[in-house]
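Colleague: Before I rely on the labels attached to this model, I would like to hear the reasoning behind some of them. Could you take me through it?

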Amino acid sequence: EMFGQLTSGLESAWSKLKGEEVLTKENIAEPMRDIRRALLEADVSLPVVRRFVQSVSDQAVGVGVIRGVKPDQQLVKIVNDELVKLMGGEVSELTFAKSGPTVILLAGLQGVGKTTVCAKLANYLKKQGKSSMLVAGDVYRPAAIDQLVILGEQVKVPVYTAGTDTKPSEIARQGLAEAKKKNIDVVIMDTAGRLQIDKGMMDELKEVKRVLNPTEVLLVVDAMTGQEAAALVTTFNVEIGITGAILTKLDGDSRGGAALSVKEVSGKPIKLVGRGERMEDLEPFYPDRMAGRILGMGDVLSFVEKAQEVMKQEDAEDLQKKIMSAKFDFNDFLKQTRAVARMGSMTRVLGMIPGMGKVTPAQIREAEKSLKIMEAMIEVMTPEEREKPELLAESSTRRKRVAQESGKTEQQVSQLVAQLFQMRVRMKNLMGVMEGGSIPALNN
Ligand code: GDP
């Protein structure tokens, strides 16, 4: 079964967290070892495994508790998201030329399923309403040309051939001209498959690429070859410059190393996958569905996602309620300023505020100083004053007391109170923006 081995390897990681209350550095140690082992056994390359495990454990320790979600479920979700990221995140679609025929150049070692992919791809494009033509450029194996012709007939797509005596770059030129004449949407060029990479093969490919100026250059690799496939994609990309990979024989791959490694190792996405010998067995590579298949825990994932959403929503609703009812008080103010301070790097925080632009170190120090001053003043307020800033706005006696007890001036206290009311206005406006309203002019 596809990725079966990896799935069961990962399962042992979750099982070790049963009965735990939260994820900690200590209780994730063993599950992380399981994950590491599972990935290595899947034939994912060591540097990739290391980065993956590090990232997952960092997130696991910092994740906190989501109401109703168990630690093992949380870990499943973290691993899932990291797997999706590892495989490139979004699905990577084929690109089509804006005008004239789209040219797809296919390369790959012998036996990986390149000839089959040519016909499968034509069949796939036909379903999208695009006409295509196959060009037989594997001049070293007459049988490959015959096979392409047969497969072409099977999917009812024309095949351009020029025998084995013509140079592949010349066949490419002729094929492209023919496709233009016939107003074909997509030209799919098959090239020589050798048993191993050699200079002759690379030079020939470069020449064909130069002649065709292809929209896509796709390397066909065999999923069963694991991290070797990822290394091949890297080599071809460095030598020829490719736009992506097609991963074949995924149906027979119980390990998953190639699917997991190609993007991370080579920087190039897997665009399509072959999952069987039939002409219909070619589909886009969906990192999220792949991760889902590997983990085999769709229910858990959607449950954790819902719980996360609910929590986010409750937090947002809480804040919104406060803002709408003008309840944003000094307690919230303090929480916010402290949260900002906790983030440590003031540069980054201030840099994120629109309109702040570049912030100088002097400005940062200034901002940190004023945070301290604010804190000092809020700390000496009574609980009542914190909750009802109006009290301070209305009474200069109260402001005087706060000033005295915090060792600040009365003017500083007045400023702070004014600032809170300004903040209420600003946040209200912000909420307006979030709800689709426009920003009214601010009174300064
Ligand atoms: P080429 O030498 O790269 O052109 O490889 P072929 O296209 O001739 O394919 C080699 C063998 O792999 C054939 O028997 C194909 O049927 C088989 N094959 C190709 N793609 C797949 C796939 O996605 N799944 C499976 N199970 N077999 C495949």
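Modeller: Gladly, and we can begin with G9, whose place is in helix α1 (residues 4-15); please keep in mind throughout that this is a predicted model.

Colleague: What makes G9 count as buried?

Modeller: The cut-off for a buried residue is 20 or more other C-beta atoms within 10 Å of its own, and G9 has 22 C-beta neighbours inside 10 Å, so it counts as buried. Leaving aside the neighbours within four places in sequence, G9 is in contact with D34, R37, A38 and E41. P168, by contrast, lies 159 residues from G9 along the chain, and the C-alpha atoms of the two are separated by 46 Å.

Colleague: How do you know that the length of helix α4 (residues 71-86) agrees with what a helix of 16 residues should span?

Modeller: At 1.5 Å a residue the expected span of α4 is 22 Å, and its end C-alpha atoms are 22 Å apart, so the two values agree. Within α4, the buried residues are P71, Q73, Q74, L75, V76, K77, I78, V79, N80, L83 and L86. Just after this helix, G88 takes a positive phi of about 110 degrees.

Colleague: Why is α4 called oblique to α11?

Modeller: The axes of α4 and helix α11 (residues 287-295) come within 8 Å and cross at roughly 140 degrees. Angles over 145 degrees would count as roughly antiparallel and those from 65 to 115 as roughly perpendicular, so the value for this pair makes α4 oblique to α11. The crossing is right-handed. On the α4 side the contact is made by V76, V79, N80, L83 and V84, and on the α11 side by P287, D288, A291, I294 and L295.

Colleague: What classes of residue make up the contact of α4 with α11?

Modeller: By class, that contact has eight nonpolar, one polar and one charged residues. As for the spacing along a helix, an α-helix has 3.6 residues a turn, so residues three or four places apart point the same way.

Colleague: How do you know that helix α9 (residues 227-239) agrees with its expected span?

Modeller: Its 13 residues should span 18 Å at 1.5 Å a residue, and the end C-alpha atoms are 19 Å apart, which agrees. The buried residues of α9 are Q227, A229, A230, L232, V233 and F236, and what covers them includes β1 (102-107), β5 (216-222), β6 (244-248) and α10 (257-266). Just after α9, G241 takes a positive phi of about 85 degrees.

Methods
Residues are numbered from 1 along each chain as its sequence is written. This is a predicted model: local features need pLDDT of at least 70, side-chain atom pairs count only at pLDDT 80 or more; totals for chains, interfaces and linings use all residues. Helices (H or I, at least four residues) and strands (E, at least two) are DSSP runs, numbered from the N terminus. The expected span of a helix is 1.5 Å times one less than its number of residues. A residue is buried if 20 or more other C-beta atoms lie within 10 Å of its own, exposed if 12 or fewer, and partly exposed in between; C-beta atoms are placed from the backbone. Two residues are in contact if their C-beta atoms, placed from the backbone, lie within 7 Å. Axes are lines fitted to C-alpha atoms, for helices over the stretch in contact, and angles run from 0 to 180 degrees between N-to-C directions. Angles under 35 degrees count as roughly parallel, over 145 as roughly antiparallel, 65 to 115 as roughly perpendicular and the rest as oblique. A crossing is left-handed if the near helix is turned anticlockwise from the far one by less than a right angle, and right-handed if clockwise. Ala, Val, Leu, Ile, Met, Phe, Trp, Tyr, Cys and Pro count as nonpolar, Asp, Glu, Lys and Arg as charged, and the others, Gly among them, as polar.
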